[in-house]
Amino acid sequence: TTSSSSSSSNIMIYWNFNLPLLLLLQVFGMLVWILIGGTDYFPLSALCWVMFVAILITRLPWNTLSLCFHCSATVLYLVTAAVDALSVNQATRGRHNYNCWAASAFFAFLTTLCYAGSSYLSYRGWKISREEQ
């Protein structure tokens, strides 16, 4: 019984911390997509990559797939955030919407941090589910 109550409290801790992160992931990911998608991003192929990652990332409900997904999303968004930040330097201020690109880079880094936190919590959830088997 002690093991069962400990396991159920671990699951509650996992979901109590993971749900806000999942909400932030959706909000920040949408901001990256909206801020880049609302501009003329086609001339810079790096920003096409930013759009690809922002649109591709979706949630998977299973523990193992969720763990793999969040770790992959962390790496993809880290690369995306770096590419986005480096692309801001290439902007000609009168020709492109520089402010949206800079804001998108900021939110891409925040999204990366959220995915990193969610990766850790997915790992904890995966580990708990493996211990219960």
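Q: What counts as a helix here?
A: Helices are DSSP runs of H or I with at least four residues, numbered from the N terminus. By that rule, I36 lies in helix α1, which covers residues 2-37. The model is a predicted one.

Q: How many helices and strands does the chain have, then?
A: The protein chain has four helices and zero strands, and from the N terminus on its elements run α-α-α-α.

Q: Back to I36: is it buried or exposed?
A: I36 has 0% relative accessibility, and because buried means under 20% relative accessible area, I36 counts as buried.

Q: And what is it in contact with, leaving aside its neighbours within four places in sequence?
A: With those neighbours left aside, I36 is in contact with Y41, L47, V50, M51, D84, W101 and S104. For S104, which is 68 residues from I36 along the chain, the C-alpha atoms of the two residues are separated by 6.6 Å.

Q: L47 and V50 were in that list, so which residues of α2 and α3 make the contact between those helices?
A: Helix α2 (residues 45-56) and helix α3 (residues 63-88) have axes that come within 9 Å and cross at roughly 150°. The contact is made on the α2 side by A46, L47, W49, V50, V53 and A54, and on the α3 side by L76, Y77, V79, T80, V83, D84 and S87.

Q: Which hand is the crossing, left or right?
A: The crossing in which α2 passes α3 is left-handed.

Q: What about A82, is that buried or exposed?
A: A82, which is found in helix α3, is partly exposed, with a relative accessible area of 33%. Its C-alpha atom and that of A108 are separated by 8.6 Å, the two residues being 26 apart along the chain.

Q: Switching topic, how many aromatic pairs are there?
A: The structure holds five aromatic pairs. One of them is formed by F106 and F107, an edge-to-face pair with 5.3 Å centre to centre and 75° between the planes. F106 itself counts as partly exposed, at 49% relative accessibility.

Q: Which residues do ring pairs link into a cluster?
A: The cluster consists of F28, F106 and F107, linked by ring pairs.

Q: And why is the pair of Y123 and W126 called tilted?
A: The ring centres of Y123 and W126 are 6.0 Å apart and their planes stand at 35°, so the pair is tilted; stacked would need planes under 30 degrees apart, and edge-to-face over 60. Both residues lie in helix α4 (residues 98-132), three residues apart, which is about one turn of the helix. Y123 is partly exposed with a relative accessible area of 35%, and W126 also counts as partly exposed, at 23% relative accessibility.

Q: Where does UniProt place the "transmembrane region" feature?
A: The unreviewed UniProt entry places the feature "transmembrane region" at residues 12-36, 42-60, 67-89 and 101-123. In the model, residues 67-89 are 96% helix and 0% strand, with the end C-alpha atoms 34 Å apart, while residues 101-123 are 100% helix and 0% strand, with the end C-alpha atoms 32 Å apart.

Q: Last one, what does the protein chain expose overall?
A: The protein chain exposes about 7700 Å², and carbon and sulfur atoms supply 67% of that area. Buried residues make up 38% of the 133 residues in the chain. Of the contacts with a separation of 6 or more, 74% are accounted for by residues 24 or more positions apart.

Methods
Residues are numbered from 1 along each chain as its sequence is written. This is a predicted model: local features need pLDDT of at least 70, side-chain atom pairs count only at pLDDT 80 or more; totals for chains, interfaces and linings use all residues. Side-chain values use heavy atoms; hydrogens and water are left out. Rings of Phe, Tyr and Trp (its six-membered ring) pair if their centres lie within 6.5 Å; planes under 30 degrees apart count as stacked, over 60 as edge-to-face and the rest as tilted. Buried means under 20% relative accessible area, exposed over 50%, partly exposed in between (1.4 Å probe, protein chains only). Helices (H or I, at least four residues) and strands (E, at least two) are DSSP runs, numbered from the N terminus. UniProt positions are given in the numbering used here, feature names are shortened, and annotations may be inferred rather than shown by experiment. Contact means heavy atoms within 4.5 Å. Accessible areas come from the Shrake-Rupley method with a 1.4 Å probe; for residues, only the protein chains shown count as cover. Axes are lines fitted to C-alpha atoms, for helices over the stretch in contact, and angles run from 0 to 180 degrees between N-to-C directions. A crossing is left-handed if the near helix is turned anticlockwise from the far one by less than a right angle, and right-handed if clockwise.
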